[in-house]
Amino acid sequence: MTIFGPGWADLTLQDVQSYLNDAEDEPLLWEAKGTRLDKNEVRTQVCGFANSHEGGYLILGADKTDDGWKANGVAFDGEPITWLSDVIGDPERGVRPRPDFDIHAWPADNGHVAVIRVRSTSTPPCIANGTVYERLPGKTPPVRDPVRLASLFGRGDEARKLAEAIAYRAAKLALDAVTKDEDTQEEEREEGGRAPSGPSGSRWAWRRQATPPTLPADCSKTTSPPRTGNTSATCQTGCRTAGARGPVRSSGPRPRSYGDAS
Amino acid sequence: VLRASWDGAAAVAQRIAKDDAYLDDAFVNSRVGPAWRLADEVVQRLKGFGDFYVTVLFTGGNFPRRPGPADEILAMRRGPLLAGVDDDHLASLGRELLRSLGTGASEP
């Protein structure tokens, strides 16, 4: 769902105009720009929404008249979606880190109407035009309060730590799964009376030697994994939170990282 | 093993017989790369968004140049990244892995 009513994928210009018919001044979640397109202004608004907790919608081509908001369109310098993507993602002056955004555009009387949906960045602060902006009701000013800036950085750091912890945990669980799966197969083979062979056989031979018979029965749970197989796990996370949850503390010792991260 | 969880993480793990694991420059391209691509596809299909973080864990094997405990886990991390598999980062992971196992790997 969107603030306009229908879902984002089904949004139409009529939905936008219908929403604007009942709208008053621009609140926290949307901003409209009507008569002139300014690249820096677009970046500023996107940056502000990205630094907010809920994101927002930037409507281009809608202006407030005596009769209320009218989505009559504005002339874009080229195809609207491409132009806007280039403006926001500009490697030098664009919004960084690039927030998650999507664009709809429709032809209108004076050109096109475009709506940019900006999601809250998971790792604030976003910066645009060399400045950090924040969204307040009706405006998007630069962040001038050091405490507010520190809060944004803190939220970003927390989200990064959380995402890294989630990625490590997911990879470790997958790694454990392949190890246990292999162990189960080996146990079944041994119980079936067949002699193990190859690397797996040597692994079990090593394990039997390494496990003293006087250890408790559940000791096998803590037996080290084999050295004769190579196991790798890759995990990728899409960081979905904006640090809404508390910091994650690792339940075990932090793994060593080898080599230089070139 | 492919594992996805509600928190936006997807993980792919594989066990490789020692005889099949040649730890050279091509290892990450042939083993880690496909796993990363699969995990990335799953995250995107589940509508994951925002920055992406990648963790690669590696354990097992005999590496005379870096003897260590049998249960030692090599952890390599990258992020924040954009969605998709970045070949430069993949190559970087390969160099890091080789160096961590005692083999030299020069910068491109």
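**Strands, sheet and helices in a predicted model**

Modeller: In this predicted model, strand β2 (residues 56-60) of chain A runs antiparallel to β6(A), and 5 bridges join the two. Within this pair, L60(A) stands opposite A114(A) of β6(A).

Colleague: What makes β2(A) and β6(A) a pair of strands?

Modeller: Two strands pair if at least two bridges are found between them. There are 5 bridges between β2(A) and β6(A), so the criterion is met.

Colleague: How do you know that β5(A) and β6(A) pair as well, and in which sense?

Modeller: Strand β5 (residues 101-108) and strand β6 (residues 111-118) of chain A have 8 bridges between them, in the antiparallel sense. At least two are required, therefore these strands count as paired. The link from β5(A) to β6(A) is a hairpin through 2 residues, and W106(A) stands opposite V113(A) in β6(A).

Colleague: Why are β1 and β5 of chain A said to stand at the edges?

Modeller: The strand order of this open sheet of 4 strands is β1-β2-β6-β5 (chain A), and its pairing is mixed. β1 (30-33) and β5 of chain A each have a single partner strand, so one side of each lacks a neighbour in the sheet. On average, neighbouring strands of the sheet are turned by 15° against each other, direction ignored.

Colleague: Which helices lie across strands of this sheet, and at what angles to β5(A) do they run?

Modeller: Helix α1 (residues 13-21) of chain A lies across β1, β2, β5 and β6 of chain A, at about 90° to β5(A). Helix α3 (residues 80-89) of chain A lies across β2, β5 and β6 of chain A, and its angle to β5(A) is about 145°.

Colleague: Why are α2(A) and α3(A) called roughly perpendicular?

Modeller: The axes of helix α2 (residues 39-51) of chain A and α3(A) cross at roughly 70° and come within 9 Å. Angles of 65 to 115 degrees count as roughly perpendicular, so the term applies to this pair. On the α2(A) side the contact is made by K39(A), V42(A), R43(A) and V46(A), and on the α3(A) side by W83(A), L84(A), V87(A) and I88(A). By class, this contact has 6 nonpolar, no polar and 2 charged residues.

Colleague: What makes a residue of chain A count as buried, and what share of the chain does so?

Modeller: The cut-off is a relative accessible area under 20%. Of the 262 residues of chain A, 44% count as buried. The accessible surface of the chain is about 13,700 Å², with 49% belonging to carbon and sulfur atoms.

Definitions and conventions
Residues numbered from 1 in each chain as written. Chains lettered and ligands numbered in written order. Predicted model: local features only at pLDDT ≥ 70, side-chain atom pairs only at ≥ 80, totals over all residues. Heavy atoms only, no water. Buried < 20%, exposed > 50% of the residue type's maximum accessible area, 1.4 Å probe, protein only. Areas by Shrake-Rupley, 256 points an atom, 1.4 Å probe, with all protein chains shown as cover. Axes fitted to C-alpha atoms, helices over the stretch in contact; angles between N-to-C directions. Contact = heavy atoms within 4.5 Å. Nonpolar A, V, L, I, M, F, W, Y, C, P; charged D, E, K, R; others polar.
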